[in-house]
Amino acid sequence: QVQLVESGGGLVQAGGSLRLSCVASGRAFSRYNMGWFRQAPGKEREFVATIHWEGQMTYSADSVKGRFTISRDNAKNTVSLQMNTLKPGDTAVYYCAAGFEASISPHEYTYWGQGTQVTVSS
């Protein structure tokens, strides 16, 4: 069992930056691939980025490439999402997730956090 708690969301102007963090508790965090997803009102949950369990391999959605960076610190049981050059279209609830596949599909992830709201004003 893994419990995930996100933090770092908030209100920011377009062009600004935020850093989201997700702290895991429970067993064997370093064995899990981690992902970030987001969901805007009325829309389906959308893949943002994923990182392999050992931290070397990452993959991001085209919509955030060059702006968002996923990273992890297995010693601190933490995965982060650095978000730069934010746009109003990035407004959503952001979730971190843990699973045994570094996938773009939310169905491949077993554990989810409660989410943190990110709002980007124009």
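**Aromatic cluster, sheet and core**

Phe 37, Phe 47, Tyr 59, Tyr 95, Tyr 109 and Trp 112 come together in one aromatic cluster. The model is a predicted one, and a search of the whole structure returns eight aromatic pairs. Among them is the pair of Phe 37 and Phe 47, which is edge-to-face, with 5.8 Å from centre to centre and 70° between the planes. This pair links distant parts of the chain, since Phe 37 belongs to strand S4 (residues 33-39) and Phe 47 to strand S5 (residues 46-51), with the two ten residues apart. Phe 37 has a relative accessibility of 0% and therefore counts as buried, and Phe 47, with a relative accessible area of 11%, is buried because this value falls under 20%. Phe 37 also pairs with Tyr 109: the ring centres lie 5.2 Å apart and the planes stand at 75°, so this pair is edge-to-face. Because Phe 37 lies in strand S4 and Tyr 109 in strand S10 (residues 109-112), the pair ties together parts of the chain that are 72 residues apart in sequence. Both Phe 37 and Tyr 109 are buried.

Two arginine residues are placed over aromatic faces. Arg 45 lies over the face of Trp 112, at 4.8 Å from the ring centre, and Trp 112 is itself one of the members of the aromatic cluster. Arg 72 lies over the face of Phe 29, at 4.6 Å from the ring centre.

An open sheet of four strands follows the order S1-S3-S8-S7, and its pairing is antiparallel. Its edges are formed by strand S1 (2-7) and strand S7 (68-73), each of which pairs on one side only, and from one strand to the next the twist averages 15°. Following the sheet in this order, S1 and strand S3 (residues 18-26) pair in the antiparallel sense over six bridges, with Val 23 of S3 as the bridge partner of Val 5. S3 and S8 are likewise antiparallel, over six bridges, and here Val 23 has Thr 78 of S8 as its bridge partner. Val 23 thus has bridge partners in the records of both pairings, Val 5 and Thr 78. At the S7 edge, S7 and strand S8 (residues 78-83) pair in the antiparallel sense, again over six bridges, and Ser 71 is matched there with Ser 80 of S8.

Ser 80, which has its place in strand S8, has a relative accessible area of 7% and is therefore buried. Leaving out residues up to four places away in sequence, Ser 80 touches Arg 19, Leu 20, Ser 21, Trp 36, Thr 69, Ile 70 and Ser 71; this list includes its bridge partner, Ser 71.

In soluble globular proteins, nonpolar side chains tend to be buried together. The largest nonpolar core of the model has 33 residues, and those with the most contacts inside it are Leu 4, Trp 36, Leu 81, Met 83 and Tyr 94. Strand S9 (residues 92-99) gives the most to this core, contributing five residues. For Leu 4, with residues up to four places away in sequence not counted, the residues touched are Cys 22, Val 23, Ala 24, Met 34, Cys 96, Ala 97, Ala 98, Tyr 111, Trp 112, Gly 113 and Gln 114. Among these contacts, Trp 112 belongs to the aromatic cluster.

Val 12 and Ala 14 were examined as a further part of the chain. Val 12 is placed in strand S2 and, at a relative accessible area of 13%, is buried. The C-alpha atoms of Val 12 and Val 118 are separated by 7.9 Å, although the two residues are 106 residues apart along the chain. Beyond residues up to four places away in sequence, Val 12 touches Ser 17, Leu 18, Leu 86, Thr 119, Val 120 and Ser 121. Ala 14 is found in the loop between strand S2 (10-13) and S3 and, with a relative accessible area of 41%, is partly exposed. Ala 14 and Asn 84 are 70 residues apart in sequence, and their C-alpha atoms are 9.6 Å apart in space. When neighbours within four places in sequence are set aside, Ala 14 is in contact with Leu 86, Pro 88, Val 120, Ser 121 and Ser 122. Leu 86, Val 120 and Ser 121 are contacts of Val 12 and also of Ala 14.

How values were computed: Residues are numbered from 1 along each chain as its sequence is written. This is a predicted model: local features need pLDDT of at least 70, side-chain atom pairs count only at pLDDT 80 or more; totals for chains, interfaces and linings use all residues. Side-chain values use heavy atoms; hydrogens and water are left out. Two strands pair if DSSP finds at least two bridges between them. Axes are lines fitted to C-alpha atoms, for helices over the stretch in contact, and angles run from 0 to 180 degrees between N-to-C directions. A nonpolar core is a set of buried Ala, Val, Leu, Ile, Met, Phe, Trp, Tyr and Cys residues joined through side-chain atoms within 4.5 Å. Buried means under 20% relative accessible area, exposed over 50%, partly exposed in between (1.4 Å probe, protein chains only). Contact means heavy atoms within 4.5 Å. Rings of Phe, Tyr and Trp (its six-membered ring) pair if their centres lie within 6.5 Å; planes under 30 degrees apart count as stacked, over 60 as edge-to-face and the rest as tilted. A charge sits over a ring if NZ of Lys or CZ of Arg is within 6 Å of the ring centre and within 35 degrees of the ring normal.
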